Number of protein chains: 2
Amino acid sequence: MDTNFDKKIFIENFKHNCNRIKIKNFVKGETVTTYIEKRNQICFVLSGEVDLIRYDFNGNKTIIGHFVDNDVFGEVFYPANTNNELFVTARKNSEILFYTYDSLFTKCRRNCDFHKELTNSLSELFLDQIVSLNLRIELLTKRNIREKLLAYFEILTKGSIRKTFTLPYSYTDLADFLSIDRSAMMRELKLLADEGFIKKNGSKITLLY
Amino acid sequence: MDTNFDKKIFIENFKHNCNRIKIKNFVKGETVTTYIEKRNQICFVLSGEVDLIRYDFNGNKTIIGHFVDNDVFGEVFYPANTNNELFVTARKNSEILFYTYDSLFTKCRRNCDFHKELTNSLSELFLDQIVSLNLRIELLTKRNIREKLLAYFEILTKGSIRKTFTLPYSYTDLADFLSIDRSAMMRELKLLADEGFIKKNGSKITLLY
DNA sequence: AAAAAACTGTTGCAATTGCAACAAAAATGA
DNA sequence: TCATTTTTGTTGCAATTGCAACAGTTTTTT
């Protein structure tokens, strides 16, 4: 995230008591919110990590989204028609800011500083969100497991010279994130290792190409 | 798209000659822009339809995105690291507004009306874009061809009582959009018809459930 | 109006992926 | 610390998907 968005301003303004804002802490595993009913709130990750989860009728779990520092989420970003039950759970202990709105783009009557700052920041936050959603689509449109894995590794090593990294997910979760079967993914990882493309040691992976 | 964004204001302001804006017309099949180099521009669809296309090294074409009235696109929305050549082509004759920026979130020195309007509208445009990207992710995370098709049909019939619709894509393009093999998709459509879930007549489909 | 190009519908076969199951290892928590 | 739960690594088998190919249809271009 390379926005200029300053979370200190949020918290500062919270102390000034804009009544539309609430900050809550969640422990790992706790449900942060659901997308089942309209809540008219935007959620910001102040710290920690949360996942947007979907279970389908076969019991398949999919990690639809994964949100970290300064990411925004909430039912307002989600198309209304999907008849899935989506919910957000904390992957780590997390601090979440909830901003409740009547109409997102009208100014609050108090014209509080927070709200001004929010309006200015929204575009930037949204833009960042678009970029990361596009990155996700880039992954999901890959045609097979191998390409999904390699594209994901590409992201993890992006910008760094080192070709070794530790996966931020468990393998179970990684499969759910890439929307593929775990055992098929493990098999493909083994193939990638056997064919000399990667070296794999637990959750530490080195790219050899 | 249910924004309050008013494209007339854009065009009006164009006449007032903000030098950051250009409007161009493209005929079907023409390349609108590429995401290969940094162009510092946001593109708006004023009319028509354009596709964001990726070809992978196997020659597979994927329709990464599809943009219609009031949608925004451009390389600024795309993660920098993907080493694919992405380009946008006109699916229909289209009218595209290009907005060139130095820094997206600083005001242009002239402080022209267009720019004010833009700043105010950006959040809304971006929010809409997020929603449609999430819808796309919803599709792409479905675990098999059948579920992708049914989820896509769901979108097409959303809001309407009628369960009959004409596909807005050719079958070839639909497969590229869902990131699946065309012949496998045709086979699945046939199965869906044989099993009585849909009725299919050319590009006209009726849901029977 | 004829020729060329693109799209549809279909199939056999091969490759990939998903499913189920289980033992071993690691992480969690009581 | 010990018991329980979760994750990892693996495999055989079945189901799904992709690939290649081709004939017929429709659309586009000349």
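This dialogue reads two features of a predicted model, the contact between chain A and chain B and the surface near DNA strand C.

Trainee: How many residues does each chain bring to the contact, and what area is buried between chain B and chain A?

Mentor: A contact is read from both of its sides, and here 45 residues come from chain B and 44 residues from chain A. The area buried between the two chains is about 4,000 Å², with carbon and sulfur atoms giving 61% of that area.

Trainee: Which salt bridge joins E138(B) to chain A, and which elements of chain B touch that chain?

Mentor: A salt bridge pairs a side-chain nitrogen of Lys or Arg with a carboxyl oxygen of Asp or Glu. Two are found across this interface, and in one of them E138(B) is paired with R54(A), the closest N and O atoms being 3.0 Å apart. On the side of chain B that touches chain A, the elements giving two or more residues are β5, α2 and α3 of chain B, and α2(B) supplies the largest share, 16 residues. By class, that side has 20 nonpolar, 13 polar and twelve charged residues.

Trainee: Which parts of DNA strand C do R187(A), R182(B) and Y171(B) approach?

Mentor: For a DNA strand, one asks whether bases or backbone are approached. The side chain of R187(A) places an N or O atom 3.0 Å from a base nitrogen of DNA strand C, and a polar side-chain atom of R182(B) also lies 3.0 Å from a base nitrogen of that strand. Y171(B), by contrast, has a polar backbone atom 3.1 Å from a phosphate oxygen.

Conventions: Residues numbered from 1 in each chain as written. Chains lettered and ligands numbered in written order. Predicted model: local features only at pLDDT ≥ 70, side-chain atom pairs only at ≥ 80, totals over all residues. Heavy atoms only, no water. Contact = heavy atoms within 4.5 Å. Buried area = accessible area lost by both parts, 1.4 Å probe. Salt bridge = Lys/Arg side-chain N within 4 Å of Asp/Glu carboxyl O. Helix = DSSP H or I, 4+ residues; strand = E, 2+ residues; numbered from the N terminus. Nonpolar A, V, L, I, M, F, W, Y, C, P; charged D, E, K, R; others polar. Polar contact = N/O pair within 3.5 Å; in protein donor to acceptor, adjacent residues only side chain to side chain.
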